[in-house]
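User: Hi! I am new to protein structures and would like to learn how to read one. Could you walk me through it?

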Amino acid sequence: MTMDRAFIVVLGADQKGIIAKISSMLFEHDANILDVQQKVMDGIFVMTLLADLKDCTMATEDLRHTLEAMGKEIGLTVMLQSEKVIKAMQRV
């Protein structure tokens, strides 16, 4: 499944370089960050990122698996979900 825009959610213990790692990987594969919000709440890093994937050089499922693996390497949970799915859930 391909998607034009997706939300990427990152959760886990705060540490240096989280934003840099995620944004660098997206940049390397021609994904464009449209919006990002991040916060540290009681030592837990929380980031929600909206990315434009229409020019992404990596298939969506490969991108999902790469992000999940990257997260596991540094002890984070990383999830990718289609913007369309998130918007549909809001209508329910």
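## Reading the features

Analyst: Let's begin with a pair of charged residues: the side chains of Lys-54 and Asp-52 form a salt bridge, at 2.8 Å from N to O. Please keep in mind that this is a predicted model.

User: Are these two partners buried or exposed?

Analyst: Here it helps to know that buried means under 20% relative accessible area and exposed means over 50%. Lys-54 has 54% relative accessibility, so it counts as exposed. Asp-52 has a relative accessible area of 14%, so this residue is buried.

User: How many salt bridges does the structure hold?

Analyst: There are two. Besides the one just described, the side chains of Glu-61 and Arg-64 meet in a salt bridge, with 3.1 Å from N to O.

User: How are Glu-61 and Arg-64 placed in helix 2?

Analyst: They are three residues apart in helix 2, which means about one helical turn separates them. Glu-61 is partly exposed at 33% relative accessible area, while Arg-64 counts as buried at 14%.

User: Now for the inside of the protein. What tends to happen to nonpolar side chains?

Analyst: In soluble globular proteins, they tend to be buried together. In this model, the largest nonpolar core has 22 residues, and those touching the most other members are Ile-8, Val-10, Ile-22, Leu-26, Leu-63 and Leu-67. At least two residues of this core come from each of strand 1 (5–13), helix 1 (18–28), strand 3 (44–52), helix 2 and strand 4 (76–82).

User: Could we look at one core residue? Where is Leu-63, and which residues does it contact?

Analyst: Leu-63 lies in helix 2, residues 60–73, and is buried, with a relative accessible area of 1%. Leaving aside neighbours within four places in sequence, Leu-63 is in contact with Met-25, Leu-26, Leu-53, Cys-56, Met-58 and Leu-80. Take Leu-53: it is 10 residues from Leu-63 in sequence, and their C-alpha atoms are 9.8 Å apart.

User: And the strands? How does strand 1 run against strand 3?

Analyst: For strands, look at direction and at which residues face each other. Strand 1 and strand 3 run antiparallel and are joined by nine bridges. Val-10 stands opposite Met-47 in strand 3. Strand 2 (residues 32–41) also pairs with strand 3 in the antiparallel sense, over nine bridges, and Gln-37 stands opposite Thr-48.

User: How many residues lie between strand 2 and strand 3?

Analyst: Two, and the strands form a hairpin. In the turn, Asp-42 has a positive phi of about 55°.

Notes
Residues are numbered from 1 along each chain as its sequence is written. This is a predicted model: local features need pLDDT of at least 70, side-chain atom pairs count only at pLDDT 80 or more; totals for chains, interfaces and linings use all residues. Side-chain values use heavy atoms; hydrogens and water are left out. Helices (H or I, at least four residues) and strands (E, at least two) are DSSP runs, numbered from the N terminus. Buried means under 20% relative accessible area, exposed over 50%, partly exposed in between (1.4 Å probe, protein chains only). Contact means heavy atoms within 4.5 Å. A nonpolar core is a set of buried Ala, Val, Leu, Ile, Met, Phe, Trp, Tyr and Cys residues joined through side-chain atoms within 4.5 Å. A salt bridge is a side-chain nitrogen of Lys or Arg within 4 Å of a carboxyl oxygen of Asp or Glu. Two strands pair if DSSP finds at least two bridges between them.
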